Amino acid sequence: MTAIAISLIDVTKTYLDRTVVDRFSFAVKEGECFGLLGPNGAGKSTIARMVVGMTPPDAGKITVLGAPVPAQARLARASIGVVPQFDDLDQAFTVRENLLVFGRYFNMSTRQIEAVIPSLLEFARLESKADARVAGLSGGMKRRLMLARALINDPQLLILDEPTTGLDPHARHLIWERLRSLLARGKTILLTTHFMEEAERLCDRLCVLEEGQKIAEGRPQGLIDEQIGCQVIEINGGNPHELRALIKTCAQRIEVSGETLFCYSSAPEQVRIQLRERTDLRLLQRPPNLEDVFLRLTGREMKD
Amino acid sequence: MWENYAAVLPANGWNWTAVWRRNYLAWKKAALVSILGNLADPMIYLFGLGTGLGLMVGRVEGMSYIAFLATGMVAASAMTASTFETIYAAFARMRDQRSWEAILYTKMTLGDIVLGEVVWAATKALLAGTAIAMVAAILGYAVWSSILYVVPVIALTGIAFASLAMIVAALAPSYDYFIFYQTLILTPMLFLSGAVYPVTQLPGNVQQMATFLPLAHSIDLIRPAMFGRPAADVMFHLAILFIFGVLPFFVSTALLRRRLMS
């Protein structure tokens, strides 16, 4: 039996009269990458904050690495690394100094910290930037430094809040590659994201959230097969309602979101035949993904 | 409730040093500018008022006016240095730079951070106050050996005012609110505490207000020491300063917990 790294049981959090997290439960096993997937404002960051003891829940039970949280959050945090959503690097300092100062917050001696800095710089691909001011780094470098900083105490568990939001595709891929190398080293990761692709690429299991509630849980591919299980044709242009009537006989399900019509069909060639006269349309056929799962469950797209 | 409050208090006696060392490392990079900046303001007051007003005022409590003013400036500069460090620099680290949030994800508690910031602000107060005391001694306005007695009082004054300012920083939504604290609390305190003229010049009931002002107790300790005279009620003054250091520390930590960790 694999040990449980994080467990939330019926956790509720209310701000004023708004319930941000509603009787939420999940368990993260050691060594897995678990995703909290949902649109902005779904309660992902609040859950991440509760897991590290930054925000006390109003009800429910949280256990992290065997310690009850928030009561003994400090004990748990000794073995946790956190990458917050917003850049909170120390702008007054260089890359190396940021790591040095942060190590001291874990009661590490200067000698201990200096011993691990080279490997952290190598991990973050920042060897050449060791003595550069943080203010001059690119967005991707800053995020990699935040990741290196979160590893200074050699944590078992990493909590990443939207780790690639705001990064360009190249920087994003580099972060994903680094995170996979951490998983290969046996680290446990809790990740919040609103990127379907990120969740599909990294997560062993995930929860889909909307308005503080869990609407689905499982392996990414399992959820896709279970909820969709057929090909998707995205149709742009034309009147979606008129098109719906035209193709509904050869589709399992049709969803309209904004200007796009999503046609779920096991016989996509039939749909194409129905629409072959319509040169004004743009058709894109693709395998289903988590975006479709979210659309199916909530009736809307997740894109922010 | 109390259990959660206990969890944010300082975790141990040494965690705060990590926060203090972070500030020291940052300060070291611009130490000269910082020291000159901290010294310039009180020095200008000292020589501007001291020499100019001194001609008209003559002797105060048996000393030249500039020597009298110098003793007040030692305490006042400690007050200003630690207040400004807290409401501007520490507030920026707490709110704008999100540094405190990053630290809260480590083994530090909120109390460790507040304590580290308070001791750091007191360190800057110590630098500012001691520098003026030394200038006064060099110019013959103070007894050299008095500096030994004055230094711990400056440090305690710094702690008290940093702790008080931490409450203001915990409550202020933005920098605009700090001006109220400066103009409505600190500036009147400067005049009511005997920093620039003896409290005995004030009406009796106003004089009694000085009993509640930490700066007055600081001056009551520093002034006689610098003049080489025995100070009265030493333990009483120290106790008041101590209370001003300790109580606001716990209050501000509770307020900051509500602000940052709800």
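**Reading a two-chain model**

Guide: Let's start with a pair of strands: S4(A) and strand S5 (residues 67–69) of chain A run antiparallel to each other, joined over three bridges. Keep in mind that this is a predicted model.

Visitor: Fine by me. Which residue in S5(A) is the bridge partner of Thr63(A)?

Guide: Pro68(A) in S5(A) partners Thr63(A). The two strands, S4(A) and S5(A), make a hairpin that has two residues between them. In that turn, Leu65(A) has a positive phi of about 50°.

Visitor: What other strand does S4 pair with in chain A?

Guide: Strand S1 (residues 4–15) of chain A pairs with strand S4 (residues 59–64) of chain A, in the antiparallel sense and over five bridges. To find one of those bridges, go to Ser7(A), whose partner in S4(A) is Thr63(A). Thr63(A) thus turns up twice: with Ser7(A) and with Pro68(A).

Visitor: Backbone angles next. Where does Asp10(A) lie, and what is its phi?

Guide: Asp10(A) sits in strand S1 of chain A. Its phi is near 50°, which is positive although the residue is not a glycine.

Visitor: Is Asp10(A) buried or exposed?

Guide: To judge burial, count the C-beta neighbours: a residue with 12 or fewer within 10 Å is exposed, and one with 20 or more is buried. Asp10(A) has 12 other C-beta atoms within 10 Å, so it is exposed.

Visitor: Which residue of chain B has a positive phi without being a glycine?

Guide: Arg98(B) is one, with phi near 55°. Look for Arg98(B) in the loop between helix H4 (65–94) and helix H5 (99–104) of chain B. Arg98(B) has 17 C-beta neighbours inside 10 Å, so it counts as partly exposed.

Visitor: And where is the cis peptide bond in chain A?

Guide: The bond from Val69(A) to Pro70(A) is cis, and its omega is near 10°. Pro70(A) belongs to the loop between S5 and H2 of chain A.

Visitor: How should I look at a helix?

Guide: Start with the general geometry: an α-helix takes 3.6 residues for each turn, so residues three or four places apart point the same way. Then check how much of the helix is covered.

Visitor: How many residues of helix H1 of chain A are buried?

Guide: Seven of the eight residues in helix H1 (residues 44–51) of chain A are buried, so the helix is mostly covered. The buried ones are Lys44(A), Thr46(A), Ile47(A), Ala48(A), Arg49(A), Met50(A) and Val51(A). After H1(A) comes Gly53(A), with a positive phi near 85°.

Visitor: Zooming out, how is chain A divided?

Guide: Chain A splits into domain 1 (4–224) and domain 2 (230–287). Taken over C-alpha atoms, the centres of domain 1 and domain 2 of chain A are 39 Å apart. Separately, an unreviewed UniProt entry places the feature "domain: ABC transporter" at residues 6–236 of chain A. That span is 35% helix and 30% strand, and 43 Å separate its end C-alpha atoms.

Visitor: What are the elements of chain B, from the N terminus on?

Guide: They run α-α-α-β-β-α-α-α-α-α-α-α-α, which gives eleven helices and two strands in chain B. As for compactness, chain B has a radius of gyration of 19 Å, close to the 18 Å from the globule rule for 262 residues, so it is as compact as a globular protein of that length. Along the principal axes, the C-alpha atoms of chain B fill a box of roughly 60 × 40 × 35 Å. Of the 262 residues in chain B, 47% are buried.

Visitor: Where does UniProt place "transmembrane region" in chain B?

Guide: The unreviewed entry puts that feature at residues 30–53, 65–92, 113–141, 147–171, 178–199 and 234–256 of chain B. Take residues 113–141 of chain B: 90% helix, 0% strand, with end C-alpha atoms 39 Å apart. Residues 147–171 of chain B are 100% helix and 0% strand, and the end C-alpha atoms lie 36 Å apart.

Visitor: Last one: how many residues does each chain bring to the contact?

Guide: People often give the size of an interface as the accessible area lost when the parts come together. Here we can go by residues: 22 from chain A and 23 from chain B. On the side of chain A that touches chain B, helix H2 (73–77) and helix H3 (95–104) of chain A each supply at least two residues. H3(A) gives the largest share of that side, three residues. By type, the side of chain A that touches chain B holds 13 nonpolar, three polar and six charged residues.

Technical notes
Residues numbered from 1 in each chain as written. Chains lettered and ligands numbered in written order. Predicted model: local features only at pLDDT ≥ 70, side-chain atom pairs only at ≥ 80, totals over all residues. Contact = placed C-beta atoms within 7 Å. Helix = DSSP H or I, 4+ residues; strand = E, 2+ residues; numbered from the N terminus. Nonpolar A, V, L, I, M, F, W, Y, C, P; charged D, E, K, R; others polar. UniProt positions renumbered as here; feature names shortened; annotations may be inferred. Domains from an automatic or database assignment. Rg over C-alpha atoms; globule rule 2.2 N^0.38 Å. Pairing = 2+ DSSP bridges.
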